[in-house]
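Hello,

Here is the structure I promised to pass on, and a short account of what turned up follows below. Please have a look at it alongside these notes.

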Amino acid sequence: MGYNSEKIAAMIRDDGVHKAVYTDPEIFDLEMEKVWGRAWIFVAHESQVPEAGSFYSTTLARQPVLLVREDEETINLFFNRCAHKGAKVIEQESGKSKVLRCGYHGWSYDMSGRCRHVTGGDEAYRAIGVDKSSACMSLTKVPSVANYRGFIFASLSPDAPDIKTWLGATATSIDNMVDRSPVGRLEVTGGTLRYSHDSNWKFFVENLNDMMHAMIAHQSSAQTARVMGKQLFPDDKNVPSEIQILSPFAENTDFFEEMGVHAFENGHSYSGGKTSIHAGYSGIPEYEESMLNAYGKEKVEEIFSLNRHNTVVYPSFTLKGAIQTIRVVKPISVDQTVIESWTLRLVGAPDEMLQRSILYCNLINSSGNLVGPDDHEAYHRLQHGLGSDAGDWVSMGRHIGAEEPNEEGGLSATGSSDMVFRSQFKAWKAYMTAANGAA
Ligand code: FES
Ligand SMILES: [Fe+2]
């Protein structure tokens with residue numbers, strides 16, 4: 001169709017968006033360049049490269065990248081592309097090595113990305129004036145990398161803004177997750193749940209703060225847990241974690257309205273705050289004691305009083321501080337998205353905390369369990385339904401104009417407002433219509 005800024009801007013109205021933002025492959029290619037090529041994108045947690053020589057191979061806006069720990073202080077992020085003929089240097093997802101050796105012709109790099117070995121010697125390149133020490137024989141660094149409290153983000157733009165400023169209020173969601181460790185440290189643990197969706201990436205990112213769907217889409221799973229819980233544990237004592245985790249997804253409309261949604265610059269948002277679906281879990285005395293010893297009563301109360309549900313760091317990263325899980329968005333094509341779900345351990349906390357996080361991830365985020373597949377089905381229906389000729393526009397006008405400024409510099413609204421979606425598309429439009437090079 002040949003989109004220019006004017007055509008793209010016309011696809012976003014105050015109260016809705018043109019369906020092509022979800023269905024047109026040309027828009028998707030532009031998004032990879034203008035949104036995913038400019039924003040800070042989540043790469044990994046620093047605990048995934050714990051020691052010198054540790055590496056973690058992943059993607060950034062579909063490009064293969066390699067995170068490598070050089071020493072205690074330095075973590076590097078390279079494009080995973082050999083300086084020789086361009087093969088991916090490391091295919092394995094993670095590991096530890098003394099050198100990064102390309103499996104094709106054996107060129108090898110150290111952890112700073114410098115070439116240390118050229119098979120057959122680098123004299124062969126004398127005629128063109130290069131040798132092992134030349135930049136063109138080294139691994140190429142990703143232009144911008146930032147570490148916010150252990151969470152590593154990168155941008156393909158050399159002019160990326162300061163990460164903390166860019167994160168805005170969502171930085172406090174990360175702070176809260178880290179502060180829930182008595183020693184202020186997190187570790188990614190276990191493997192990942194990697195889940196392929198046959199739908200556009202934006203459906204997932206919108207849904208995390210869609211407070212109108214849970215009691216409908218999750219009725220069959222969560223309501224069943226709720227009813228069973230009431231039958232089997234009428235006095236609310238010794239309720240198993242499974243029931244505690246699943247039941248709140250079937251709360252009534254008032255509960256989700258009360259949780260509220262909060263939107264900020266750059267498309268970021270979170271839901272909940274004073275209360276959320278995580279607020280009713282029973283306490284773990286040993287953990288609470290270790291937190292009191294570490295931080296004192298006042299600070300611990302402050303940490304535990306923040307009960308956000310989902311935080312979205314637009315466009316790639318979502319987290320649940322209260323249960324220590326993250327989900328990472330990996331767009332593949334206009335109608336295919338991989339979602340990775342990771343569990344984090346609160347270093348210094350009893351194992352029971354980790355077990356609850358793992359249980360949560362398995363019950364809610366796994367493709368083979370109860371809640372996640374409900375959402376997957378909804379995204380599938382969205383992608384399929386928008387393929388019809390019934391109209392070009394997708395409605396996002398609910399509670400428009402009723403949002404209120406909040407203390408963190410953003411806007412807040414009742415849970416069922418479409419404000420978060422409008423805010424995401426405001427950021428989307430700004431990225432998509434910015435002049436080349438501007439973030
Ligand atoms: S492509 Fe890597 S050594 Fe040749
Ligand atoms: Fe859901």
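**The iron site**

The iron ion (ligand 2) is held by H213 (NE2), H218 (NE2), D375 (OD) and D375 (OD), at 2.1 to 2.6 Å. Donors here are N, O and S atoms within 2.8 Å of the metal (3.2 Å for Na, K and Ca), and water is not among the atoms, so sites may look incomplete. This is a predicted model, in which local features need pLDDT of at least 70 and side-chain atom pairs count only at pLDDT 80 or more, while totals for chains, interfaces and linings use all residues. Residues are numbered from 1 along each chain as its sequence is written, chains are lettered from A and ligands numbered from 1 in the order in which they are written, and side-chain values use heavy atoms, with hydrogens and water left out.

Along the sequence, the donor residues of the iron ion (ligand 2) follow the spacing H-x4-H-x156-D. The angles among its four donor atoms run from 54 to 142 degrees, and the site is irregular. Four donors would count as tetrahedral with all angles between 85 and 135 degrees; four count as square planar and six as octahedral if opposite donors are over 155 degrees apart and all others between 65 and 115; anything else is irregular.

Are the two histidines, H213 and H218, buried or exposed? H213 counts as buried because its relative accessibility is 18%, and H218 is buried with a relative accessible area of 1%. (Buried means under 20% relative accessible area, exposed over 50%, partly exposed in between, with a 1.4 Å probe and protein chains only.)

**The cavities**

Searching the whole structure gives five cavities of 30 Å³ or more. A cavity is a set of points, on a 1 Å grid over the protein atoms alone, where a 1.4 Å probe fits but cannot get out; lining residues have an atom within 4 Å of a point.

The largest cavity holds about 150 Å³ of space. Its lining has 19 residues, with H213, H218, F249, H309 and N310 nearest its centre, so both iron-binding histidines appear in that group. α13 gives the most to this lining, three residues, and β16 (307–313) and α13 (351–365) each supply at least two.

The second largest cavity has about 100 Å³ of space. Among its 13 lining residues, Y195, H197, F204, R327 and N365 lie nearest its centre. Here α14 supplies the largest share, four residues.

Best wishes

Key. On a 1 Å grid over the protein atoms alone, a cavity is a set of points where a 1.4 Å probe fits but cannot get out, and a pocket is an open set with protein on both sides within 12 Å along at least five of seven lines; lining residues have an atom within 4 Å of a point. Grid points are joined across faces, edges and corners, and a volume is the space filled by probe spheres set on the points.
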